[in-house]
Each structure stands twice: as structure tokens, then as C-alpha cells.
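Here are some friendly notes to read alongside the structure. Keep the viewer open, and take the points one at a time.

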Amino acid sequence: MKTDTALASVVIVTALAVCTGLTMTCALCVQPRQFRRTIGELDRRLLDVAPYLGAAALFFLLKRATHKYSLEISYALDWDITDELYAVEGELVASLQDIVPEATLGFFSAMYMFGFPFLLVTAPILYFLWSSQRHLKELLIAYLFNYLLGSICYTLFIAYGPRNHLSTVDGLMYSFYPETQELTSAVSANTDVFPSLHTSLSIVVLLFAWRSRRESPRWFPIASLVVTCVVFSTMYLGIHWLLDVVAGVVLAVGSVFAAEWIVARVEGDADRVAS
């Protein structure tokens, strides 16, 4: 009962933080005419993106339903690469925790817990408010690719983060805000480390923000700040190795190129991007 209450409180706080960030971002980045146009074209836009939303939703449902079996396969294979990750970078994360001022712990914990879902939610909503849905379609496919390839890696490889592997690294966020452990354990296992999906999905959002910087110039600096803090927090909080982050960046770039190629083949030039 106490666990359920803690989980519910974290979910509520996260939802409130994301909604606040989304509202502020829309106020800065979206023109009133875009809201009016979206309301007038709501049915058409929903119908246009329905196959992409459906594909993404179906995958996430299957992923959730097969999570238990994925863990069983992973433990049966027993390909633990944690020692190899440590052999490459050693005490880098421990050194990072020693260097960064403790006063920043609350900020980076908030970035990890709230900044990440803010990015994932805000980007598709912003692109849905554009007259063209091309960016939204590509973004959804990129999300799908990230989770698909990430899930495959998590099934094939067992990897424990620095906080679980090294006595010199503290799980700072869980000490500062213990309730967050209930949420993270509910959505992922502690062996879901390589690659860092916090990194890969955040970088995906950043790449799309860069591509759309002319249409939405204010969104790019907002995304850049949040993404930088999220990616840094994954290491500072002892959750990921630097190699996890590097692998996440590679996954993000590959996913964006793959998504662009797939949507281009499906849509052709019939859905050019315009705000």
C-alpha cells in the first residue's frame, strides 16, 4: 500500500511538471492561428497520423506485455557486459560525482525525472499543431525504432549501471528523492542500461528541433537546454556509463535517418513540412 501511494504521488508530480512545461513551451513557440487551424482541421490531422499513432501504440503494448519474457530470455542468455563497460571507462562516473557541486543534485534529479517526459510529450504535440504532420510522423517512427532496438539490446545484454556496480558511485537521485525509485522500477529493470534510452530519445527530440529551427526558432534552444541536462544527469546520477550515452547518441542518429527514409517512402512529397 505504501509503495502504491509513493508511485501514485510520483506519477502525479511528473504529470503536473510535464503539463506545466508543455503549457509554457506552447505559449512561447505556438502562434494563436496554429491553435485555431488545428481545431478546424482536427479530424483530418488525426486521420492523417492515425496509422503512425496506431503502430507506435501497438508496439508499446506488445513491449509491455512481453517485458517479463524479455527479462527471462536476458537472464537465460546471461551476457553480462558490465565488466567490459567498466574496463573501458573505469571510475569516470565516480569522478564526475566528485567534481559536480552537491547543490545541483535537486536540479539534475528533476531534469532526469521530469525533463525527459517533457521532451517526449512536448515534441509530438508541437508538431501536431503544424499544418503538415510530416515531422510528427517521422518523430513517432523514430521513437518506435529507439524502443525497438533498445529492447533488443536490453534482451541480449545484461548491464548494471555505475550505481549498482561500483561502491564509489552513489545513486544520488534515489537518496535525494527515494519515491522516484518506485516509478523507474515500474517501467524498466535495473539491467536496462546499454544503450541509454534517456539519451537516445532526448537526442532524437533535439535533432528534430534542429531540423525545425526555422519554423520554430524558440523550440530549439529550449530543447537544447533540457536535452543537455537530461543526458548529463544520466551519468551524474550514477544511472548510466558514458558508453551507454555514446551508444544512445548513435541509436538516435540512426533512428532519425531510418524514420525519415520510411516516411519519405510512404508519404512521398505529398506531406511537405510547414508550420
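The numbered points below go from the overall fold to single residues.

1. **A reminder before we start.** What you have on screen is a predicted model. Please keep that in mind as you read each of the points that follow.

2. **The overall fold.** How many helices and strands does the protein chain have? There are 14 helices and 0 strands, so if you walk from the N terminus, each element you meet is an α element. The chain has 275 residues, and 47% of them count as buried. Now look at the contacts with a separation of 6 or more: residues 24 or more positions apart account for 90% of them.

3. **The largest nonpolar core.** This core holds 59 residues, and the members that touch the most others are Leu119, Tyr127, Tyr143, Val204 and Trp219. Which elements give two or more residues to it? They are helix H1 (2-29), helix H3 (42-65), helix H7 (105-128), helix H8 (134-156), helix H12 (197-211), helix H13 (219-236) and helix H14 (242-267). The biggest share comes from H7, which gives 14 residues. As background, nonpolar side chains in soluble globular proteins tend to be buried together.

4. **Tryptophan 219, a good residue to click on.** Set aside the neighbours within four places in sequence, and tryptophan 219 is still in contact with Thr25, Cys29, Phe118, Leu119, Thr122, Ala123, Leu126, Tyr127, Val205, Ala209 and Ser212. Two of the names in that list, Leu119 and Tyr127, also appear among the core members with the most partners.

5. **A second core.** Separate from the core above is another one, made of 9 residues. Its members include Ala94, Ala159, Val169 and Val193.

6. **One face of H6.** Ala94 is also one of the buried residues of helix H6 (residues 92-99), together with Val93, Leu96 and Gln97. Why can we say that these residues line one face of the helix? Looking down the axis of H6, you would find the buried residues within an arc of 160°, so they share one face. The face turned away from that buried side carries Asp98 and Ile99, which are exposed.

7. **The second largest pocket.** This pocket contains about 160 Å³ of space. Around it you will find Ala17, Val18, Gly21, Met24, Thr25, Leu28, Met111, Phe114, Gly115, Phe118, Ile222 and Val226. H1, H7 and H13 each give two or more residues to the lining, and H1 gives the most, with 6. Which classes make up the lining? It has 9 nonpolar and 3 polar residues, and no charged ones.

8. **A cavity.** The count of cavities of 30 Å³ or more comes to 1, and the largest cavity has a volume of about 30 Å³. Its lining consists of Cys29, Val30, Leu126, Tyr127, Trp130, Ser216 and Trp219. By class, that makes 6 nonpolar residues, 1 polar residue and no charged residues. Notice that Trp219, from point 4, turns up here again.

9. **Two buried residues with distant partners in sequence.** Tyrosine 236 sits in helix H13. Is tyrosine 236 buried or exposed? Its relative accessibility is 2%, and the cut-off for buried is under 20%, so it counts as buried. From tyrosine 236 to phenylalanine 108 is 128 residues in sequence, yet their C-alpha atoms are 8.1 Å apart in space. Leucine 144, in helix H8, is buried too, with a relative accessible area of 17%. Beyond its neighbours within four places in sequence, leucine 144 is in contact with Ala55, Ala56 and Phe59. Between leucine 144 and tyrosine 52 there are 9.6 Å from C-alpha to C-alpha, with a separation of 92 residues in sequence.

10. **Two backbone details to check.** Phenylalanine 194 and proline 195 are joined by a cis peptide bond, with omega at about 0°. You can find proline 195 in the loop between helix H11 (180-187) and H12. The other detail is at aspartate 78, which has a positive phi of about 60° although it is not a glycine. Aspartate 78 belongs to the loop between helix H4 (67-77) and helix H5 (82-89). With 51% relative accessibility, and exposed meaning over 50%, aspartate 78 counts as exposed.

Terms used:
Residues are numbered from 1 along each chain as its sequence is written. This is a predicted model: local features need pLDDT of at least 70, side-chain atom pairs count only at pLDDT 80 or more; totals for chains, interfaces and linings use all residues. Side-chain values use heavy atoms; hydrogens and water are left out. A nonpolar core is a set of buried Ala, Val, Leu, Ile, Met, Phe, Trp, Tyr and Cys residues joined through side-chain atoms within 4.5 Å. Buried means under 20% relative accessible area, exposed over 50%, partly exposed in between (1.4 Å probe, protein chains only). Helices (H or I, at least four residues) and strands (E, at least two) are DSSP runs, numbered from the N terminus. Contact means heavy atoms within 4.5 Å. On a 1 Å grid over the protein atoms alone, a cavity is a set of points where a 1.4 Å probe fits but cannot get out, and a pocket is an open set with protein on both sides within 12 Å along at least five of seven lines; lining residues have an atom within 4 Å of a point. Grid points are joined across faces, edges and corners, and a volume is the space filled by probe spheres set on the points. Ala, Val, Leu, Ile, Met, Phe, Trp, Tyr, Cys and Pro count as nonpolar, Asp, Glu, Lys and Arg as charged, and the others, Gly among them, as polar. The arc is that of the directions from the helix axis to the C-beta atoms.
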